[in-house]
Amino acid sequence: MKKGILCAAVCVVILLPIASLNAFDWGVVMDTRSDIELMEDEDVEYTPRFKSSLWLNHFWADDAETQYSFAANIFYLYNEEEYHIFDTDLLRLGIKKGGLFGGTVLDASVGRFRFSDPTGIALDHLADGARARFDLGPAAITTAAGYTGLLTKPEASVNMTSSDRMDDDDDDVYFAPKRVFEQVRAEIPSLIEGHLISVEGMFQQDLSGDDDELNSLHLSGSLEGGIGGGFFYEINGIFARDLSNELSGYYGSGELYLFMESFYSSRASVGLLGGSEDFFTVSSPTLGLIASPAPANLRRISADYSIRPWADRFDPLLRNLQFTAGGRSFYYDGDYSGMELEGGVKFKPASDVGASLKGGVFLPDDGPNQGLIRVDVSVGL
């Protein structure tokens, strides 16, 4: 099946010149990540990761109402566990067509791309599948379905059961857990002026056949918008139901943002999130640079700030230079478990060149302190 996906990509590339070439672009992107892990009273660990991608984009149109797109890549990945992988994380054929049913706009895609729920907590992951969004004007309806069983394991984070985690540690298992999910989402931007309401229902089926299989339902909602003076907010909520074991869990989060464009393009935010004891997700969310626990039975208080001191400069090297700082406090089962502090710098001197340096320290309530230095570099050719 994996070979079939790559062959399909090659066939499309060969046939593209035959089509009406309205816009075609391609290139190579090289990404490197280097992590230096520091543990109190232990040796320093260095973990490299290298990824090189050959990508292409093609756009064409039959008329003003109908537009087509094709985007794909083929990458080579080397990670810290000495995996050498050739695969694709983008293989998408899309169509956008207006004038349907009295003005409805259809935006549909099929292939391999990223899927997420409105909160980005229950699901935020690659999958093979299809998605269709119907823009009705006062509202938009999105339906989607995806399958994770063809993804290569090192890049997958859909381990929901003990069997999934055992397979993740088994070098003879190359692919992610076999899971199918279906989504139906409604987005209503006009119910409250200046605010967006999103609600979604997502079913997930475990096709592994293991004794501890987990089938689930997630109902999620998000409310976001501006409240004046440069302040914006986002509120999320999720109900999770383990259909196999008849357990239910809850998750909630809120974040307040302040955008200060006149003060060196500054951004500040504070947030609170937490999940009940039986809450679970389909993919694993990232809740911290060093410490990233599962949201079940967790409370997290966070604050972040960024500034671009030379945002008004013409020189892109200085204009896009951004400094960041943040902190997170974690509480597990109601008790304080530790704090994470981090800071970094990002710069993007050109559209196809970027780099970042980030460092942090995790100070647990009990146990050794941990540190991390991460360097990311991306170059497009």
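In the predicted model, Ile301 is found in strand E15, which spans residues 298-307. Ile301 has a relative accessible area of 43% and is therefore partly exposed, since that class lies between the limits of 20% and 50%. When the neighbours within four places in sequence are left aside, the residues in contact with Ile301 are Gly271, Leu272, Gly327, Arg328, Ser329 and Tyr331. Between Ile301 and Glu342 there are 14 Å from C-alpha to C-alpha, with a separation of 41 residues in sequence.

The loop between E14 and strand E15 contains Asn297, whose phi is near 60°, a positive value in a residue other than glycine. Asn297 counts as buried because its relative accessibility is 17%, and the limit for this class is under 20%. A positive phi is also found at Ser265, where the angle is near 50° and the residue is again one other than glycine. Ser265 is placed in the loop that runs between strand E13 (247-260) and strand E14 (266-275), and with a relative accessible area of 8% this serine is likewise buried.

Charged side chains form a further part of the description. Side chains of opposite charge can pair when their charged atoms come close. In this model the count of salt bridges comes to 15. One of them joins the side chains of Arg112 and Asp128, with a distance of 2.7 Å from N to O. Arg112 lies in strand E6 (residues 104-116) and Asp128 in strand E7, so this pair ties together parts that are 16 residues apart in sequence. Strand E7 itself covers residues 124-135. Both partners, Arg112 and Asp128, are buried, and for Asp128 this assignment rests on a relative accessibility of 15%. The side chains of Asp128 and Arg112 are also joined by a polar contact of 2.7 Å.

A salt bridge is also formed between the side chains of Arg114 and Asp124, where the N to O distance is 3.0 Å. This pair links distant parts of the chain, as Arg114 is in strand E6 and Asp124 in strand E7, ten residues apart. Arg114 counts as partly exposed because its relative accessibility is 46%, and Asp124, with a relative accessible area of 33%, is partly exposed as well. Strands E6 and E7 are thus connected by a pair whose members are buried, Arg112 and Asp128, and by a pair whose members are partly exposed, Arg114 and Asp124.

Another salt bridge is that of Glu261 with Arg267, in which the closest N and O atoms are 2.8 Å apart. Glu261 counts as partly exposed at 48% relative accessibility, and Arg267 falls into this class at 27%. Elsewhere, Asp304, Arg328, Glu340 and Glu342 are joined into one network by salt bridges that share partners. Within this network, Arg328 is a residue that is also in contact with Ile301, while the C-alpha atom of Glu342 lies 14 Å from that of Ile301.

The nonpolar part of the surface includes a patch of about 430 Å², which is made by Leu38, Val44, Leu357, Ile373, Val375 and Val377. The element that gives the most to this nonpolar patch is strand E19 (residues 370-380), with three residues. Val44, another member of the patch, has its place in the loop between strand E1 (23-39) and strand E2 (45-63). With a relative accessible area of 54%, Val44 is exposed, because the limit for that class is over 50%.

Leu247 offers a point of reference elsewhere in the chain, with 203 residues in sequence and 41 Å in space, C-alpha to C-alpha, between this leucine and Val44. Leu247 is found in strand E13 and counts as partly exposed, its relative accessibility being 38%. When residues up to four places away in sequence are not counted, Leu247 touches Ala240, Arg241, Asp242 and Asp278.

Key
Residues numbered from 1 in each chain as written. Predicted model: local features only at pLDDT ≥ 70, side-chain atom pairs only at ≥ 80, totals over all residues. Heavy atoms only, no water. Patch = residues over 30% accessible without salt bridge, like charges linked within 9 Å, V, L, I, M, F, W, Y side chains within 5 Å. Areas by Shrake-Rupley, 256 points an atom, 1.4 Å probe, with all protein chains shown as cover. Salt bridge = Lys/Arg side-chain N within 4 Å of Asp/Glu carboxyl O. Helix = DSSP H or I, 4+ residues; strand = E, 2+ residues; numbered from the N terminus. Buried < 20%, exposed > 50% of the residue type's maximum accessible area, 1.4 Å probe, protein only. Polar contact = N/O pair within 3.5 Å; in protein donor to acceptor, adjacent residues only side chain to side chain. Contact = heavy atoms within 4.5 Å.
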